[in-house]
Amino acid sequence: MEGIDLRDRSVIELGAGTGLLGIVVTLLGARVTITDRAAALELLESNVQANLPPELRPRAVVKELTWGKDLDNFSPGAFDLILGADIVYLEETFAELLQTLEHLCSEQTVILLSCRIRYERDLKFLRMLRERFSVSEVHYDSSKDVHIYKAQRDSRKDDL
């Protein structure tokens with residue numbers, strides 16, 4: 001909505017599912033790492049191949065990422081933008097998701113998470129996120145009940 005320029009930005013999508021968001025971001029000019037658990041990688045790779053023109057395929061890398069595990073396979077702070085669409089729903093993954101976000105973030109990284117607030121546990125995740133990052137709601141679609149949150153490292157929190 002703000003006309004974000006994604007050309008040559010380094011982007012990672014967490015919990016990509018079908019990979020639609022990562023594919024669109026690649027089409028908008030970003031270099032994208034599209035991640036999910038091992039079970040989803042075959043579908044992700046197939047969708048990237050089917051939906052990106054051959055000249056753009058090298059800009060989209062499908063890679064396994066289970067939150068909180070093998071994070072050393074990803075350079076700390078290497079991404080300009082971290083995207084997550086509807087990934088906040090399993091309370092048992094919240095701590096690992098936060099650990100992953102912290103690992104992937106630099107001071108300049110922007111996190112954009114879209115989600116529906118279905119249960120009290122979803123609010124719990126937002127409280128946990130606010131303990132580690134500066135968080136603001138940047139958009140709300142009332143017709144779909146979807147919130148988009150922007151989060152960034154709060155360097156002052158590191159000083160406490």
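This report walks through a helix, a surface patch and a few single residues of the structure above.

The model is predicted, so local features need a pLDDT of at least 70 and side-chain atom pairs count only at pLDDT 80 or more, while totals for chains, interfaces and linings use all residues. Residues are numbered from 1 along each chain as its sequence is written, and side-chain values use heavy atoms, with hydrogens and water left out.

**Helix α4**

Let's start with α4, which covers residues 120-132. Helices (H or I, at least four residues) and strands (E, at least two) are DSSP runs, numbered from the N terminus. The 13 residues of α4 reach 19 Å from the first C-alpha to the last, close to the expected 18 Å. That expected span is 1.5 Å times one less than the number of residues.

Which residues of α4 are buried? They are Asp122, Phe125, Leu126, Met128 and Leu129. Buried means under 20% relative accessible area, exposed over 50%, and partly exposed in between (1.4 Å probe, protein chains only). These buried residues lie on the same side of α4 because they cover an arc of only 160 degrees around the axis; the arc is that of the directions from the helix axis to the C-beta atoms. On the face turned away from that buried side sit the exposed residues Glu120 and Glu131.

What do the buried residues of α4 pack against? Their partners are α3 (94-104) and the strands β5 (110-115), β6 (133-141) and β7 (146-153).

**A patch and a buried asparagine**

Leu20, Val24 and Leu28 make a nonpolar surface patch of about 280 Å². Such a patch joins nonpolar side chains (Val, Leu, Ile, Met, Phe, Trp, Tyr) within 5 Å, from residues with over 30% relative accessible area and no salt bridge (a side-chain nitrogen of Lys or Arg within 4 Å of a carboxyl oxygen of Asp or Glu). Areas come from the Shrake-Rupley method with a 1.4 Å probe. Leu28 belongs to the loop between α1 (20-27) and β2 (31-36), and its relative accessibility of 51% makes it exposed.

Asn47, in helix α2 (residues 41-51), is buried at 17%. Leaving aside neighbours within four places in sequence, Asn47 is in contact (heavy atoms within 4.5 Å) with Thr18 and Ile23.

**Two aspartates with positive phi**

Here are two loop residues, each a residue other than glycine with a positive phi.

| Residue | Phi | Loop | Relative accessible area |
|---|---|---|---|
| Asp86 | near 55 degrees | between β4 (81-85) and α3 | 37%, partly exposed |
| Asp145 | near 55 degrees | between β6 and β7 | 24%, partly exposed |

Note on methods
Patch = residues over 30% accessible without salt bridge, like charges linked within 9 Å, V, L, I, M, F, W, Y side chains within 5 Å.
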